[in-house]
Amino acid sequence: MLKLTYTDMGLHLERLAQSPEELVARRAILALRMSQNLHLEPSRAAFLLPADLPELPILEAAIRREGKAIALCSVCNDYVEVSLRGMWIAPEVDAHEGIFVAVMSDRLEFLLHRLWQVSQTQVSFLL
């Protein structure tokens, strides 16, 4: 499972071994214990990857073979948008911060996570 955490500081993507059901159950227990709201909604999430990543053609081929919950779209010469279907988990319906989880094949999850990590390394070198 891929977990995308959206905060006011940006996006963090991680790959988890647990199922979405386990994550939701733990979040529900936490919200209950803290007397907080919990909103769950089937949704889409997106993030950008640099268009010049060497492994991008491998990701494109994997998406063609096995990607029903993922799409790539070129947004300009420099970036492609990765769009995922999954579940939005947040404290409120209109929250801008929260967690998005998506399940796909292990290969796609691994490739996406690796490409995101590489893109973050490139950004840190530029700063």
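Modeller: Helices (H or I, at least four residues) and strands (E, at least two) are DSSP runs, numbered from the N terminus, and by that reading the protein has three helices and six strands, which follow one another along the sequence as β-β-α-β-α-β-β-β-α. This is a predicted model, in which local features need pLDDT of at least 70 and side-chain atom pairs count only at pLDDT 80 or more, while totals for chains, interfaces and linings use all residues. Residues are numbered from 1 along each chain as its sequence is written, and side-chain values use heavy atoms, with hydrogens and water left out.

Biologist: How do you know that the radius of gyration of the protein agrees with that of a compact globule?

Modeller: The radius is taken over C-alpha atoms, and the globule rule is 2.2 Å times the number of residues to the power 0.38. For 127 residues a compact globule would come near 14 Å, and the protein has 15 Å, which agrees. The C-alpha atoms fill a box of roughly 45 × 35 × 25 Å along the principal axes.

Biologist: Why is Lys3 called buried or exposed?

Modeller: Buried means under 20% relative accessible area, exposed over 50%, and partly exposed in between, with a 1.4 Å probe and protein chains only. Lys3, found in strand S1 (residues 2-7), has a relative accessible area of 12% and is therefore buried. Leaving aside residues up to four places away in sequence, Lys3 has contacts (heavy atoms within 4.5 Å) with residues including Leu13, Leu23, Ile99 and Phe100. Of the 127 residues of the protein, 36% count as buried.

Biologist: And what makes His39 buried or exposed?

Modeller: His39 lies in strand S3 (residues 39-50), and its relative accessibility is 17%, so His39 counts as buried. Not counting residues up to four places away in sequence, His39 touches Trp88, Ile89, Ala90, Pro91, Glu92 and Val93.

Biologist: What joins the side chains of His39 and Glu41?

Modeller: A polar contact of 3.1 Å joins them. The term stands for a pair of N or O atoms within 3.5 Å; within protein, one must be able to donate a hydrogen and the other to accept it, and residues adjacent in sequence count only if both atoms are side-chain atoms.

Biologist: Why is Pro54 called buried or exposed?

Modeller: Pro54, in the loop between S3 and H2, has a relative accessible area of 65%, and therefore Pro54 is exposed. The C-alpha atoms of Pro54 and Arg26, 28 residues apart along the chain, are separated by 37 Å.

Biologist: How do you know that the buried residues of H2 are on the same side?

Modeller: In helix H2 (residues 56-66), Leu56, Leu59, Ala62 and Ile63 are buried. They cover an arc of only 120 degrees around the axis, which puts them on the same side of H2; the arc is that of the directions from the helix axis to the C-beta atoms. An α-helix has 3.6 residues a turn, so residues three or four places apart point the same way. On the other side of H2, Arg64 and Arg65 are exposed.

Biologist: Why is there no bond between the sulfurs of Cys73 and Cys76?

Modeller: A disulfide is a pair of cysteine sulfur atoms within 2.5 Å. The sulfur of Cys73 is 10 Å from the closest cysteine sulfur, in Cys76, which is too far for a bond, and the count comes to zero disulfides. Cys73 is partly exposed, with a relative accessible area of 43%, and Cys76, at 34%, also counts as partly exposed.
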